[in-house]
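Biologist: I am new to this structure. Please show it to me, and then let us go through it step by step.

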Amino acid sequence: MAKYKVVLERNEDDEGYYTVTVPALPGCVTQGRTKEEALERAKEAIQGYLESLKKDGLPIPEDVEFAEVSASA
């Protein structure tokens, strides 16, 4: 089972919902009212995304490298 990093962002202008994106899977985005709900939905979204890739005979991304950078304004 592959592991995917997710980005969890709180949306202050959308009633406090959390949006989750999966950088390794372009377009894989979901949201939830709480962090827990958003992360659970992310698992479901990732599973659906991977099933779709498999069904279409497309490669499943597994080797993804992330780095952190700092910047100031």
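Modeller: Let us begin with Glu12. At 62% relative accessibility, Glu12 counts as exposed, because exposed means over 50%.

Biologist: Which residue forms a salt bridge with Glu12?

Modeller: The closest N and O atoms of the pair are 3.4 Å apart. That is a salt bridge, because the cut-off is 4 Å. The partner of Glu12 is Arg10.

Biologist: Is Arg10 buried, partly exposed or exposed?

Modeller: Arg10 has a relative accessibility of 45%. Buried means under 20% and exposed means over 50%. Arg10 therefore counts as partly exposed.

Biologist: Let us step back. What kind of model is this, and what is its average pLDDT?

Modeller: This is a predicted model. Of the residues, 85% score at least 70. The average pLDDT of the protein is 86.

Biologist: Which element has the highest confidence?

Modeller: Confidence is lowest in β1, at a mean of 92. At the other end, with a mean of 95, is strand β3, residues 29-32.

Biologist: In what pattern do the helix and strands follow along the sequence?

Modeller: The protein has one helix and three strands. Read along the sequence, the strands precede the helix. The pattern is β-β-β-α.

Biologist: How many salt bridges does the structure hold?

Modeller: One joins Glu12 and Arg10. Another joins Arg41 and Glu37. Glu40 and Lys43 also meet in a salt bridge. The structure holds three.

Biologist: Where do Arg41 and Glu37 lie?

Modeller: Their closest N and O atoms are 3.7 Å apart. The two residues are four apart in sequence, about one turn of the helix. Both lie in helix α1, residues 35-55.

Biologist: Are Arg41 and Glu37 buried, partly exposed or exposed?

Modeller: Arg41 has a relative accessible area of 35%. For Glu37 the value is 28%. Buried needs under 20%, and exposed needs over 50%. Arg41 is therefore partly exposed, and Glu37 is partly exposed.

Biologist: How far apart along the helix are Glu40 and Lys43?

Modeller: Their side chains meet in a salt bridge at 3.9 Å, N to O. Glu40 is partly exposed, at 39% relative accessibility. Glu40 and Lys43 are three residues apart in helix α1, so the separation is about one helical turn.

Biologist: Now the nonpolar surface. Which residues make the patch of about 190 Å²?

Modeller: Leu8 sits in strand β1, residues 7-10, and Leu39 sits in helix α1. Leu8 is partly exposed at 31% relative accessibility, and Leu39 is partly exposed at 36%. Patch residues need over 30% relative accessible area, so both values pass. The patch is made by Val6, Leu8 and Leu39.

Biologist: How far apart in space are Leu39 and Val6?

Modeller: Leu39 touches Val6 and Leu8, leaving aside residues up to four places away in sequence. Along the sequence, Leu39 and Val6 are 33 residues apart. In space, C-alpha to C-alpha, the distance is 8.6 Å.

Biologist: Is Asn11 buried or exposed?

Modeller: Asn11 lies in the loop between β1 and β2, the latter being residues 18-21. Its relative accessibility is 17%. The limit for buried is under 20%, so Asn11 counts as buried.

Biologist: Which side chain makes a polar contact with the side chain of Asn11?

Modeller: Asn11 touches several residues beyond four places away in sequence, including Gly16, Tyr17 and Gln31. The polar contact spans 2.4 Å. The partner is the side chain of Thr19.

Biologist: And which residues of the helix stretch 35-55 does Thr30 touch?

Modeller: Thr30 lies in strand β3 and counts as buried, at 18% relative accessibility. Among its contacts are Tyr18, Thr19 and Val20. From the helix stretch, Thr30 touches Ala38, Arg41, Ala42 and Ala45.

Biologist: What share of the residues is buried overall?

Modeller: The protein has 73 residues. Its accessible surface comes to about 6000 Å², with 48% belonging to carbon and sulfur atoms. Buried residues make up 25%.

How values were computed. Residues are numbered from 1 along each chain as its sequence is written. This is a predicted model: local features need pLDDT of at least 70, side-chain atom pairs count only at pLDDT 80 or more; totals for chains, interfaces and linings use all residues. Side-chain values use heavy atoms; hydrogens and water are left out. Patches are made of residues with over 30% relative accessible area and no salt bridge: like charges are joined within 9 Å, nonpolar side chains (Val, Leu, Ile, Met, Phe, Trp, Tyr) within 5 Å. Accessible areas come from the Shrake-Rupley method with a 1.4 Å probe; for residues, only the protein chains shown count as cover. Buried means under 20% relative accessible area, exposed over 50%, partly exposed in between (1.4 Å probe, protein chains only). A polar contact is a pair of N or O atoms within 3.5 Å; within protein, one must be able to donate a hydrogen and the other to accept it, and residues adjacent in sequence count only if both atoms are side-chain atoms. Contact means heavy atoms within 4.5 Å. pLDDT is the predictor's confidence in each residue, from 0 to 100.
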